[in-house]
Amino acid sequence: MNLLQRGLTRFQGFFTQPIPVAPLGIFRLLISSFVLLQAALWYPDWEAFVGSEGWVQWEISKAFNHSWHVHLQDIYVLLRPWGISDGQFIYLFFGVYVVSATGLLLGILTRFWAICTWACHYVLMSSLPTYVYGVDIFLHISLFYLMVMPAAKAFSLDAHLGWVNPAPDWASTLAIRVLQIHLCLAYFSAGYEKMLYVNWWEGDVLWRAVIQPDFRQFGVYWLSEVPWLVMLLSWFTMFIETFYFIGMWVPRLRVFWLLAMIGLHLGIGLFLGLYLFGLIMILMSVSAFGHDAWQDVKSWGKQEKRRAVLA
Amino acid sequence: MHAREPWLYGVMVPIMPKTMFRKIIYILAALHLLLVAAVILRLLDNDKVYHSLEKPFAILTAINYSAWRFAFFTPDVGKSTEVDILLENELGKKIHYSTLEGFDFFTHNQESANRFYGYKVHAARDSTFIDLCARSACTYLLNEHPGMTKITYTMKGIKYPDLIDFRKGAKVEKGTFYRVQFGL
């Protein structure tokens, strides 16, 4: 077998050979829990954001988006004949969103609840385009994947009750690989785009981000006395984002890369106040590569034992 | 016994053989990842291509954000837009809200405050949106404060000094670019 054939066989095997389905179950549990956490944080301000007479009225938020998008108002118009007020409707919608996410978390009729959760999130994003930021984009990508992937194969009531075959197959392998590759592409893009700007190399973007009132969490003006530290943090960010697609595939590097990514997103959460954004990025990386990283850690233990026996 | 096949098998198997179904899924996954890569690597940035694909991209974005570039915090976060709101009544009572002093007047937690950051950026993208958003926000606040009769809504552009200029003593630059007043 020549080199090309061997490469092709390995490439095919990468996408087809059954691998453990645990990452799919972990992904489902983490993302659905995240939806519930986000909903709980949103609840006190729900009416101000989502209400027909909120900060951005329905007529205006509808004008912000494409005409074919499904807006909350479109659904409300269908329910109005039943005597539901717009105030009641937004809380009814909230209830459906939470119930869907709970069904997804439990993993019972997983596909159905995944579709419902994705649909609710889509309507929310279409209705509140002015409030959408990174956390919503990654949550939407995750919910789409949960909708099409065999996410009930692990840690679900569907699998427990025998409604879903929990055995690894080509579909579960493909699902995990797509998630992993998508994350690699996303991080490569995030890192590479930063590298194109001299402001990032000089640490200026990081500096201006932490002093902006929107993001400022602590008194960080002392950072101006240590510009090399800001520059170093900038380089660290660009490096681990751009080369994520290498770090996560090399077993010797994977655990450290994953820990570095967690550190980066904890930093984003703590210093820029983007807690949920930092959290969802951590959850996605842990879902995609956490299982492999854990296997790496376990194999280190075995290697140590073998060495001890040899000694 | 676990005899279930992957999703859609039940629907698709009577129509096409299993191997063909599997191939279609692999092709769809490959197309999805190719699109993600092409958008990220700016292979579709050509004006002609972009305009012809604008609607399909918008639909795909609504579904799964596969036509989205993940370039956060680029090229520059040195500018921000702030909202300043002054409510007054006939007796001279004033209530002042400013996003520069935090978002406590409206949000219950940091996460809601983060969303208001998006509001400021989107609202400032053109004059029509600024006007619509300002009217909407003023209506909301006048409803929240029934005793108030006059409201002034101001948007300011703020530029923060870079690290080197800050060390030389440069100050934050502020400039008002939108102002509107309503009275009852």
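How many helices and strands does the secondary structure of chain B come to? Six helices and four strands, and the legends below start from there. Keep in mind that this is a predicted model.

**View 1. Chain B, element by element.** Walk along chain B from the N terminus and the elements come in the order α-α-α-β-β-α-α-β-α-β. The chain has 184 residues, and 42% of them are buried. Now take the contacts in chain B between residues at least 6 apart in sequence: 56% of these join residues at least 24 apart.

**View 2. Where chain A meets chain B.** On the chain A side, 84 residues are in contact with chain B, and on the chain B side 74 residues are in contact with chain A. Between them the two chains bury about 7300 Å², with 67% of that on carbon and sulfur atoms. As for polar contacts, 18 residue pairs are counted between chain A and chain B, both partners at pLDDT 80 or more. Helix α10 of chain A (residues 170-195) gives the largest share of the side that touches chain B, namely 13 residues. Sort that side of chain A by class and you get 56 nonpolar, 18 polar and ten charged residues.

**View 3. One salt bridge across the interface.** The rule finds one salt bridge between chain A and chain B. The partners are R115(B) and D136(A), and their closest N and O atoms sit 2.8 Å apart.

**View 4. E111(B), a buried charge.** Here we zoom in on helix α4 of chain B (residues 110-123), where E111(B) lies. Which side chain of opposite charge is nearest to E111(B)? That would be R115(B), at 4.2 Å. A salt bridge needs the nitrogen and the carboxyl oxygen within 4 Å, so E111(B) is buried without having one. What E111(B) does have is a side-chain polar contact of 2.5 Å with Y133(A). Leaving out residues up to four places away in sequence, E111(B) touches L41(A), Y133(A), V135(A) and L276(A).

**View 5. L270(A) on helix α15.** This close-up moves to chain A, where L270(A) lies in helix α15 (residues 251-272). Why does L270(A) count as partly exposed? Because its relative accessible area is 46%, and partly exposed covers what falls between under 20% (buried) and over 50% (exposed). Beyond residues up to four places away in sequence, L270(A) touches Q217(A), F218(A) and Y275(A). To fit G301(A) into the frame as well, note that it is 31 residues from L270(A) along the chain, with 33 Å between their C-alpha atoms.

Notes: Residues are numbered from 1 along each chain as its sequence is written. Chains are lettered from A and ligands numbered from 1 in the order in which they are written. This is a predicted model: local features need pLDDT of at least 70, side-chain atom pairs count only at pLDDT 80 or more; totals for chains, interfaces and linings use all residues. Side-chain values use heavy atoms; hydrogens and water are left out. Contact means heavy atoms within 4.5 Å. Buried area is the accessible area (1.4 Å probe) that two parts lose on being put together, summed over both. A polar contact is a pair of N or O atoms within 3.5 Å; within protein, one must be able to donate a hydrogen and the other to accept it, and residues adjacent in sequence count only if both atoms are side-chain atoms. Helices (H or I, at least four residues) and strands (E, at least two) are DSSP runs, numbered from the N terminus. Ala, Val, Leu, Ile, Met, Phe, Trp, Tyr, Cys and Pro count as nonpolar, Asp, Glu, Lys and Arg as charged, and the others, Gly among them, as polar. Buried means under 20% relative accessible area, exposed over 50%, partly exposed in between (1.4 Å probe, protein chains only). Lys and Arg count as positive and Asp and Glu as negative; His and the chain ends are not counted.
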